[in-house]
Amino acid sequence: MSRSSNPGCRVVRPGSGHAGKQGLSYFEGIAAETVGATGICMHLLTIPPGARAKAHLHEGHETAIYVLSGEAHTWFGQRLEEHVVVRAGEMFYIPAGVPHLPANLSDAPCSAVIARTDPKGQESVVLLPELDALVPG
C-alpha cells in the first residue's frame, strides 16, 4: 500500500491474503483495516477448482460480485433452493441477509472482485452450518 499526497486516498496492491470465515481465502483489498474505509470493502477472491464456501449470509450488508475469470455456481435463498452460474464478465448481486453458498465446480480457477457494504469485510458474516449439506459436495 502506498500513500498519495491526497489525505485519505490510498493505492492497495493485493498481495497477502486472509482466510475468511466462509472457508475461502481473500486477497487484501479495500477495507477498514487497510485504508480506514467506513462504508465499503472490496477484495479479490480466487476459488480453486472443486472448492466451495460454507453456507453463510452477510447480516445487514449487500454484496456485489464481478467475475473476472472462470465461473462460480451459487446456491441462495432461505434453504439454498435457488441456483445460478455466474461466468467471466458477469455481475451478481446478493441482498443483505440472503443465505448463499458459492462453489467452483470446474477444473479452472474462478477469480472475482467482491464488494460489500461492510467496511470490515468479515464482521457481518454469519455461518449457517445447518444449510451446508443442502448443496452436494
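## Cavity, cores and two side-chain contacts

The side chain of His-61 comes within 2.8 Å of the backbone oxygen of Thr-117. The model is predicted. His-61 sits in the loop that links S6 and S7. Its contacts beyond four places in sequence include Pro-95, Ala-96 and Gly-97. Arg-116, Thr-117, Asp-118 and Ser-124 complete that list for His-61.

Thr-34 also has a side chain that reaches a backbone atom. Its partner is the backbone nitrogen of Ala-31, at 3.1 Å. Thr-34 belongs to helix H1, which covers residues 32–35. Is Thr-34 buried or exposed? Its relative accessibility is 16%, so Thr-34 counts as buried, the cut-off being under 20%. Thr-34 and Lys-120 are 86 residues apart along the chain, yet their C-alpha atoms are separated by 9.4 Å.

The table sets out these distances.

| From | To | Distance |
|---|---|---|
| His-61 side chain | Thr-117 backbone oxygen | 2.8 Å |
| Thr-34 side chain | Ala-31 backbone nitrogen | 3.1 Å |
| Thr-34 C-alpha | Lys-120 C-alpha | 9.4 Å |

Next come the cavities. The structure holds two of 30 Å³ or more. The largest has a volume of about 220 Å³. It is lined by 23 residues, and those closest to its centre are Leu-45, Ile-47, Ile-65, Pro-102 and Ile-114. Several strands give two or more residues to this lining, among them S5 (41–47), S6 (56–58), S7 (63–69) and S8 (71–76). S10 (91–94), S11 (100–103) and S12 (110–116) do so too. Which strand gives the most to the lining of the largest cavity? That is S12, with five residues. By class, the lining has 15 nonpolar residues, seven polar ones and one charged one.

The nonpolar cores come last. The largest has 16 residues. Leu-24, Leu-45, Ile-47, Ile-65 and Val-67 have the most contacts inside it. At least two residues of this core come from each of S5, S7, S10 and S12. S12 gives the most, with three residues. Another core, of nine residues, lies apart from the largest one. Its members include Leu-57, Trp-75, Ala-103 and Leu-128.

Some names recur. Leu-45, Ile-47 and Ile-65 are among the residues closest to the centre of the largest cavity, and they are also among those with the most contacts inside the largest core. S12 gives the most to the cavity lining and also the most to the largest core.

Note on methods
Residues are numbered from 1 along each chain as its sequence is written. This is a predicted model: local features need pLDDT of at least 70, side-chain atom pairs count only at pLDDT 80 or more; totals for chains, interfaces and linings use all residues. Side-chain values use heavy atoms; hydrogens and water are left out. On a 1 Å grid over the protein atoms alone, a cavity is a set of points where a 1.4 Å probe fits but cannot get out, and a pocket is an open set with protein on both sides within 12 Å along at least five of seven lines; lining residues have an atom within 4 Å of a point. Grid points are joined across faces, edges and corners, and a volume is the space filled by probe spheres set on the points. Helices (H or I, at least four residues) and strands (E, at least two) are DSSP runs, numbered from the N terminus. Ala, Val, Leu, Ile, Met, Phe, Trp, Tyr, Cys and Pro count as nonpolar, Asp, Glu, Lys and Arg as charged, and the others, Gly among them, as polar. Buried means under 20% relative accessible area, exposed over 50%, partly exposed in between (1.4 Å probe, protein chains only). A polar contact is a pair of N or O atoms within 3.5 Å; within protein, one must be able to donate a hydrogen and the other to accept it, and residues adjacent in sequence count only if both atoms are side-chain atoms. A nonpolar core is a set of buried Ala, Val, Leu, Ile, Met, Phe, Trp, Tyr and Cys residues joined through side-chain atoms within 4.5 Å. Contact means heavy atoms within 4.5 Å.
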